[in-house]
Amino acid sequence: MPLEAGLLEILACPACHAPLGDSTAEETPELICTGKECGLAYPVRDGIPVLLVDEARRPA
């Protein structure tokens, strides 16, 4: 289930405060930081974004 557009507009990366991009249409739903230096990918579990840096996946 994709996140609501209004929610996505107010969410930001907890590490660098850059906007997050929605990647929930894929097999593994996640929100990806759009910051050039950061790029962390935060999981979405049961439709709820887990915005914890310790839970984020580092870019490949």
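1. Disulfides come up first, and there are zero of them in this predicted model, a disulfide being a pair of cysteine sulfur atoms within 2.5 Å. C13 is in none, and its nearest cysteine sulfur, that of C38, sits 3.7 Å away. C33 is likewise unpaired; for C33 the nearest cysteine sulfur belongs to C16, at 3.4 Å. C13 is buried, at 1% relative accessible area, and C33 is buried too, at 5%. (Buried is under 20% relative accessible area, exposed is over 50%, and partly exposed is in between, using a 1.4 Å probe and protein chains only.)

2. A word on the ground rules. Residues are numbered from 1 along each chain as its sequence is written, and side-chain values use heavy atoms, with hydrogens and water left out. As this is a predicted model, local features need pLDDT of at least 70 and side-chain atom pairs count only at pLDDT 80 or more, while totals for chains, interfaces and linings use all residues.

3. Now the sheet. It is open, has four strands in the order β1-β2-β3-β4, and its pairing is antiparallel. Strands here are DSSP runs of E, at least two residues long, and helices are runs of H or I, at least four, numbered from the N terminus; two strands pair if DSSP finds at least two bridges between them. At the edges are β1 (20-22) and β4 (48-49), each pairing on one side only.

4. Going through the pairs: β1 and β2 run antiparallel and are joined by three bridges, with D22 standing opposite L31 of β2. Three bridges also hold the antiparallel pair β2 and β3, and there L31 has Y42 of β3 as its bridge partner. Then β3 (residues 41-45) pairs with β4 over two bridges, again antiparallel; R45 has I48 in β4 as its bridge partner.

5. Have a look at E30, which lies in β2 (residues 30-33). E30 counts as buried, with 9% relative accessibility. Its side chain makes a polar contact with the side chain of R57, at 2.7 Å. (A polar contact is a pair of N or O atoms within 3.5 Å; within protein, one must be able to donate a hydrogen and the other to accept it, and residues adjacent in sequence count only if both atoms are side-chain atoms.)

6. The largest nonpolar core has twelve residues: L3, L11, C13, A18, L20, L31, C33, C38, L40, Y42, V44 and A56. Such a core is a set of buried Ala, Val, Leu, Ile, Met, Phe, Trp, Tyr and Cys residues joined through side-chain atoms within 4.5 Å. The elements giving two or more residues to this core are β2 and β3. Both cysteines whose burial is given in point 1, C13 and C33, are in the core list. As for A56, it touches L40, A41, Y42 and P43, leaving aside residues up to four places away in sequence; contact means heavy atoms within 4.5 Å.

7. Finally, the segment after β4. V50 is found there and is buried, at 16% relative accessible area. Leaving out residues up to four places away in sequence, V50 touches Y42, P43, R45 and E55. V50 and E30 are 20 residues apart along the chain, and their C-alpha atoms are separated by 8.8 Å. D54 is in the segment after β4 as well, but D54 is exposed, with a relative accessible area of 78%. From D54 to Y42, twelve residues apart in sequence, the C-alpha to C-alpha distance is 9.4 Å.
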